[in-house]
Amino acid sequence: MATTYLHTMVRVLDLDASIAFYKLLGLEETRRHDSEGGRFTLVFMTPPGQENAHVELTYNWDGDDGLPSDSRHFGHLAYRVDNIYDMCQHLMDNGVTINRPPRDGHMAFVRSPDNVSIELLQAGEDLPPAEPWASMENTGHW
């Protein structure tokens, strides 16, 4: 019995803000489906060259009383990045709070506009500790 990974789905409150956030991470919109009858939109965001690593953003047109919630029951999405310091700086420059800074040159956590926890991991060897990351405190939780 074969199993094939399809996608991870997260519910979003503001579709445009969520798309912009995932674009900051380097993902691209690869597919969109609007359902008049179901009154929802599905947007699939995918890292370039990784056609089987979709995040499905589900937006309910009439609102979603469950959002924003802590979303910790979901766990997190994880992405490997070429330079964790550069990615975290890019995110901060665009208004994203770094919840768990990459003090160790290896791992950081941020949250999407809908409180989805995103883990960022350094590709290859950990980077040497560097400021401002080495002394930056946690903000909130992840």
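**View 1. A polar contact between His54 and Thr46 in the predicted model.** In this predicted model, the side chains of His54 and Thr46 form a polar contact of 2.7 Å. His54 belongs to strand E4. With a relative accessible area of 15%, His54 is classed as buried, because residues under 20% are placed in that class.

**View 2. Glu119, a buried residue without a salt bridge.** Glu119 is part of strand E8, which covers residues 117-122. Although Glu119 is buried, no salt bridge is assigned to this residue. The nearest side chain of opposite charge belongs to Arg100, at 8.2 Å. A salt bridge requires a side-chain nitrogen of Lys or Arg within 4 Å of a carboxyl oxygen of Asp or Glu, so a distance of 8.2 Å does not qualify. The side chain of Glu119 does, however, make a polar contact of 2.9 Å with the side chain of His76.

**View 3. The salt bridge between Arg11 and Asp64.** Side chains of opposite charge can pair when their charged atoms come close. Four salt bridges are counted in the model, and one of them joins Arg11 to Asp64, with 2.9 Å between the closest N and O atoms. Arg11 is located in strand E1 (residues 7-12), whereas Asp64 is in the loop between strand E4 (54-60) and strand E5 (76-81), so the pair ties together parts of the chain that are 53 residues apart in sequence. The two partners fall into separate accessibility classes: Arg11 is partly exposed at 34%, while Asp64 is buried at 14%.

**View 4. The salt bridge between Asp62 and Arg39.** In this pair the closest N and O atoms are 2.8 Å apart. The contact links distant parts of the chain, since Asp62 lies in the loop between E4 and E5 and Arg39 in the loop between strand E2 (28-35) and strand E3 (40-46), 23 residues apart. Asp62 is exposed, with a relative accessible area of 59%, and Arg39 is partly exposed, with a value of 36%. The backbone of Arg39 also deserves attention: this residue has a positive phi of about 60° although it is not a glycine.

**View 5. The salt bridge between Glu29 and Arg32.** Glu29 and Arg32 form a salt bridge in which the closest N and O atoms are 2.8 Å apart. Glu29 has a relative accessible area of 32% and is partly exposed. Arg32, with 41%, is likewise partly exposed.

**View 6. Helix H1 and the residues at its ends.** Helix H1 spans residues 15-24. At the start of H1, a side-chain oxygen of Asp14 comes within 3.2 Å of the backbone nitrogen of Asp16. Which residues of H1 are buried? They are Leu15, Ser18, Ile19, Phe21, Tyr22 and Leu24. Ala20, also located in H1, is partly exposed at 41% relative accessibility. The C-alpha atom of Ala20 is separated by 19 Å from that of Arg80, a residue 60 positions away along the chain. Just after the helix, Gly26 adopts a positive phi of about 100°.

**View 7. The largest pocket and its lining.** Rolling a probe the size of a water molecule over the atoms shows where empty space is left. The largest pocket has a volume of about 210 Å³. Its lining is formed by Leu25, Gly26, Leu27, Pro47, Pro48, Gln50, Tyr79, Arg80, Val81, Asp82 and Met87. Strand E5 gives the most to this lining, with three residues. Sorted by class, the lining of the pocket comprises seven nonpolar, two polar and two charged residues.

**View 8. The backbone at Asn115 and at Pro132.** Asn115 is situated in the loop between strand E7 (107-111) and E8. This residue has a positive phi of about 70° although it is not a glycine. Asn115 is partly exposed, with a relative accessible area of 25%. Pro132 is found in the segment after E8. The peptide bond leading from Glu131 to Pro132 is cis, with omega near 5°.

Key: Residues are numbered from 1 along each chain as its sequence is written. This is a predicted model: local features need pLDDT of at least 70, side-chain atom pairs count only at pLDDT 80 or more; totals for chains, interfaces and linings use all residues. Side-chain values use heavy atoms; hydrogens and water are left out. Helices (H or I, at least four residues) and strands (E, at least two) are DSSP runs, numbered from the N terminus. Buried means under 20% relative accessible area, exposed over 50%, partly exposed in between (1.4 Å probe, protein chains only). On a 1 Å grid over the protein atoms alone, a cavity is a set of points where a 1.4 Å probe fits but cannot get out, and a pocket is an open set with protein on both sides within 12 Å along at least five of seven lines; lining residues have an atom within 4 Å of a point. Grid points are joined across faces, edges and corners, and a volume is the space filled by probe spheres set on the points. Ala, Val, Leu, Ile, Met, Phe, Trp, Tyr, Cys and Pro count as nonpolar, Asp, Glu, Lys and Arg as charged, and the others, Gly among them, as polar. A polar contact is a pair of N or O atoms within 3.5 Å; within protein, one must be able to donate a hydrogen and the other to accept it, and residues adjacent in sequence count only if both atoms are side-chain atoms. Lys and Arg count as positive and Asp and Glu as negative; His and the chain ends are not counted.
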